[in-house]
Amino acid sequence: MAACAKHFPGDGVDFRDQHLHPTYNSLPAAQGYATYGAIYRELIGRGLMSVMVGHIVQPAVAMEINPVLRMEDCLPASLSPELLTGLLRGKLGFNGVITSDATIMGGYCMAMERSKAIPASIAAGCGVEVYKPLEDELHGTSALSGRRLTLYLANYEQASNQTTVRIDWCKKHALDTPRFLNEEPCVFVSLANPYLLQDVPRVPTYINAYTASRAVIEAVIGKLLRGGPFEGVSPVDAFCGLPDTRL
């Protein structure tokens with residue numbers, strides 16, 4: 001079992017209920033850091049492994065982290081990159097698992113249309129930290145956590161008359177490749193193409209899923225979270241006939 005602290009960034013300032021609509025932590029930024037922020041920092045320092053994020057807007061902190069935000073732009077923490085990546089990951093140094101409170105609650109549903117909200121939560125930092133290579137100046141490994149698992153998801157479908165389907169890495173030095181696979185654990189999942197191991201030959205864990213259908217994606221996630229053997233038999237040479245893909 002792992003302890004989970006909730007509801008980030010701090011409940012109890014607003015007298016209303018997040019089940020019904022977004023609530024607001026209206027404390028000034030300095031007071032927020034000195035109260036709720038201090039509590040979370042202490043818990044994180046003691047090895048807290050999980051944080052549940054509430055549908056709580058904290059405008060003063062969000063606008064301090066991102067000065068271009070206006071009051072009407074501020075989102076509940078469950079959708080806010082400023083509060084999750086900027087505050088929780090950045091200022092407070094949390095490197096554990098971030099989960100959202102229930103996404104059927106009014107506090108979540110009223111903030112953004114659902115088709116945009118779910119990916120926005122993931123992009124903001126719930127469950128997955130999205131890497132932005134164009135903003136990265138990391139050329140060494142001193143800033144790597146060592147406790148972070150990097151998950152690569154590739155969906156390169158093949159089509160008729162295509163002679164080659166290869167991974168198109170970031171134009172900036174291909175910084176989104178699994179360069180540091182010796183310093184941090186990583187998993188690569190190919191959802192539509194069984195031959196991509198040729199482009200990530202040294203990755204320690206490679207999963208071929210063949211299709212990006214909902215059932216297959218849920219099966220892959222289930223295996224990653226709950227464990228158990230992968231029992232599928234590959235009908236093709238996933239090692240692509242190369243010597244280094246088996247290392």
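R166 and D199 form a salt bridge in this predicted model, with their closest N and O atoms 2.6 Å apart; the term denotes a side-chain nitrogen of Lys or Arg within 4 Å of a carboxyl oxygen of Asp or Glu. R166 belongs to the loop between β6 and β7 and D199 to the loop between β7 and β8, so the pair ties together parts that are 33 residues apart in sequence. Strands such as these are DSSP runs of E with at least two residues, while helices are runs of H or I with at least four residues, and both are numbered from the N terminus. The two partners differ in burial class: R166 is partly exposed at 42% relative accessibility, whereas D199 is buried at 18%. Here buried means under 20% relative accessible area, exposed means over 50%, and partly exposed lies in between, with a 1.4 Å probe and protein chains only.

Residues are numbered from 1 along each chain as its sequence is written. Because the model is predicted, local features need pLDDT of at least 70 and side-chain atom pairs count only at pLDDT 80 or more, whereas totals for chains, interfaces and linings use all residues; side-chain values use heavy atoms, with hydrogens and water left out.

The loops that hold R166 and D199 lead to strand β7, which covers residues 186-190. Five of the five residues of this strand are buried, so β7 is largely enclosed by the rest of the structure. In a regular strand the side chains alternate between the two faces of the sheet. In β7 both faces are covered, with C186, F188 and S190 buried on one side and V187 and V189 buried on the other.

The pairing of β7 can be followed to each of two neighbours. Strand β6, residues 150-154, pairs with β7 in the parallel sense over five bridges, where pairing requires that DSSP find at least two bridges between two strands. Strand β8, residues 205-208, is also parallel to β7 and is joined to it by four bridges. V189 takes part in both pairings: V189 is the bridge partner of L153, and I207 in β8 is the bridge partner of V189.

Beyond this region, the secondary structure comes to six helices and eight strands. Along the sequence, these elements follow the pattern β-β-α-β-β-α-α-β-α-α-β-β-β-α. The C-alpha trace spans about 60 × 40 × 40 Å along its principal axes. Of the 247 residues, 39% are buried. Among contacts (heavy atoms within 4.5 Å) with a separation of 6 or more, 66% are between residues 24 or more positions apart. The accessible surface is about 14300 Å², and carbon and sulfur atoms account for 57% of this area; the areas come from the Shrake-Rupley method with a 1.4 Å probe, and for residues only the protein chains shown count as cover.

The charges provide another view of the model. The mean positions of the 21 positive and 24 negative charges are 3 Å apart. Lys and Arg count as positive and Asp and Glu as negative, without His and the chain ends, and each charge is placed at NZ of Lys, CZ of Arg, CG of Asp or CD of Glu. The structure holds eight salt bridges.

One of these joins E218 and R214, at 3.0 Å from N to O. These two residues are four apart in helix α6, residues 214-226, and are therefore separated by about one helical turn. E218 is partly exposed at 45% relative accessibility, and R214 is exposed at 66%. Elsewhere, salt bridges that share partners join R70, E72 and D73 into one network. Within this network, the closest N and O atoms of R70 and D73 are 3.0 Å apart. R70 is partly exposed, with a relative accessible area of 48%, and D73 is partly exposed at 29%.

Helix α3, residues 81-91, has E82, L83, L84, L87, L88 and R89 among its buried residues. Just after α3, G93 takes a positive phi of about 70°.

The last site is H21, in the loop between β1 (4-8) and β2 (23-24). H21 is partly exposed, with a relative accessible area of 23%. Leaving aside residues up to four places away in sequence, H21 touches R16, G106, G107 and M110. H21 and M110 are 89 residues apart along the chain, yet their C-alpha atoms are separated by 6.5 Å.
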